[in-house]
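Take a moment to look over the sequence and turn the structure around on your screen. Then read on, and we will walk through it together.

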Amino acid sequence: MAIEIIGTGKAVPPRRVSNDDLAARIDTSDEWIRSHTGIGSRHIADEHTSCSDLALEASKNALAMVAGFSGENREERDRASAKAAKSIDIIILGTTTPDFFGCPSTACIVQDKIGADRAGAMDIVAGCTGFVYGLETAAGLLNISKERKRALIIGSETLSKITDWNDRGTCVLFGDGAGAAVIEKTTAPSEGQQRRGLIRSMICSDGSGSESLLFRRGGSRNPFKAGETLEKGIVVEMNGQEVYNFAVKAVTDTVAALMEAEGITADDIAWIIPHQANARIVQAARKRLKIPEEKFFLNIEEYANTSAATIPIALDELNRNGQLKKGDMIMTVGFGAGLTYGGNIIIW
Ligand code: UT7
């Protein structure tokens with residue numbers, strides 16, 4: 001069997017917040033943010049928009065592509081996506097900012113809203129590696145069943161809702177957005193034919209770093225008590241330096257291991273789509289790997305770190321810009337809370 005990507009989509013909120021906008025509120029500067037992270041702006045959801053709302057838009061765009069729709073008319077897009085949604089067997093959504101903690105899953109909310117009547121749906125908690133994990137999980141679920149043919153994988157985040165906007169160490173880094181991809185199980189290429197689709201994945205973890213990036217309060221380890229007031233709300237806490245060191249090693253090791261396992265060199269790869277957390281992490285790994293800069297697709301300057309959404313947003317941009325050619329080899333590489341890391345190799 002081959003597992004091919006047949007549709008991609010993204011959604012980012014219209015409100016764009018520049019580094020200068022942040023510098024007007026807290027003690028930071030455009031120069032510091034750009035030189036330390038490569039971030040120029042981020043898109044922030046309004047108070048009524050949640051994780052599932054962005055996921056829904058990205059999913060509709062991906063599903064409409066599957067149905068052959070490519071115009072601007074939203075009603076036509078919705079009709080096309082509703083039709084394609086009926087063919088989806090599995091929905092997997094990676095997020096750290098679900099609509100509700102614990103349950104229900106955000107994937108179920110999306111399942112209902114797109115009208116994917118026959119799909120199973122679940123969330124994956126793998127931090128910023130959510131899409132990499134989701135793709136491999138969905139492919140596995142398609143491969144083990146004769147009946148299942150198509151899956152929708154989504155990375156969606158509203159990190160602005162769980163950010164401490166007075167903590168300059170984290171608030172400048174994050175943005176909101178969602179990306180989605182539809183995969184389909186097709187017949188395996190016959191001998192002599194080029195391989196297609198998802199050909200290899202690595203999904204790894206190092207839970208010893210679980211406290212470097214976490215929501216400390218609200219779960220069963222530190223539940224809220226009746227009458228308790230929270231000074232900062234529920235906010236993400238991060239040891240930036242620890243995550244940085246882990247991330248450089250995770251990207252370097254994952255790309256090297258995937259290349260070695262597949263018996264390829266950087267020359268065989270058209271694009272590497274890294275998780276967009278900090279352009280310096282990518283540069284440091286790239287130098288260690290001795291891979292040319294132009295192989296890495298980066299859009300962090302516009303969107304900042306949208307966690308599980310960065311890789312599918314980047315994939316959709318490459319796809320819609322016509323930068324992916326049939327037969328191109330693409331590598332994704334992610335890392336994030338858990339700590340988790342991993343990557344996929346896809347032949348377009
Ligand atoms: O998605 C996966 C999760 N996240 C990541 O991958 C992030 C990984 N970590 C990083 O990207 C980097 O560690 C950061 C971007 C978070 C921080 O960069 P850094 O170069 O490691 O800075 P630092 O934390 O060592 O701080 C250096 C200085 C400090 O000032 P002093 O103590 O030297 O006076 C900070 O207080 O920079 C200061 N600083 C800032 N200054 C202006 C920290 N944040 C800011 C800021 N604006 N936004």
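A polar contact here is a pair of N or O atoms within 3.5 Å. Keep in mind as well that this is a predicted model. With that in hand, let us begin at the ligand. One of its nitrogen atoms sits 2.7 Å from an N or O atom in the side chain of Thr 28, so this pair falls within the 3.5 Å limit for a polar contact. Oxygen atoms of the ligand have partners too: a polar side-chain atom of Asn 278 is 2.7 Å from one oxygen, and a polar side-chain atom of Gln 241 is 3.1 Å from an oxygen. On its own the ligand would expose 950 Å², and the protein buries 70% of that area.

Now widen the view to the shell around the ligand. How many residues surround the ligand? There are 23, and the closest are Thr 28, Arg 168, His 275, Asn 278 and Asn 305. Sorted by class, the shell holds eleven nonpolar, nine polar and three charged residues. Domain 1 (2-186) and domain 2 (197-347) each give at least three residues to the shell. Among the helices, α2 (30-37), α7 (168-171), α8 and α9 (279-289) supply at least two residues each. The largest share, four residues, comes from α8.

Helix α8 is worth following along its length. It runs over residues 240-262, and its 23 residues should span 33 Å at 1.5 Å a residue; the end C-alpha atoms are 32 Å apart, which agrees. Just after α8, Gly 263 takes a positive phi of about 70°.

Next, some backbone angles that deserve a second look. Most residues other than glycine have a negative phi, and most peptide bonds are trans. Ala 304 is not a glycine, yet its phi is positive, at about 60°. It lies in the loop between α10 (300-303) and α11 (310-320). Ser 307, in the loop between α10 and α11, also has a positive phi, of about 50°. Are these residues buried or exposed? Ala 304 has a relative accessible area of 2% and Ser 307 one of 3%; buried means under 20%, so Ala 304 is buried, and Ser 307 is buried.

Finally, look for peptide bonds that are cis. One joins Cys 103 and Pro 104, with omega about 0°; Pro 104 is found in the loop between β4 (90-94) and α5 (106-114). Another runs from Gly 338 to Leu 339, with omega near -10°, and Leu 339 is in the loop between β12 (329-336) and β13 (340-347).

Notes: Residues numbered from 1 in each chain as written. Predicted model: local features only at pLDDT ≥ 70, side-chain atom pairs only at ≥ 80, totals over all residues. Heavy atoms only, no water. Buried < 20%, exposed > 50% of the residue type's maximum accessible area, 1.4 Å probe, protein only. Expected span 1.5 Å × (residues − 1). Near = heavy atom within 4 Å. Polar contact = N/O pair within 3.5 Å; in protein donor to acceptor, adjacent residues only side chain to side chain. Areas by Shrake-Rupley, 256 points an atom, 1.4 Å probe, with all protein chains shown as cover. Nonpolar A, V, L, I, M, F, W, Y, C, P; charged D, E, K, R; others polar. Domains from an automatic or database assignment.
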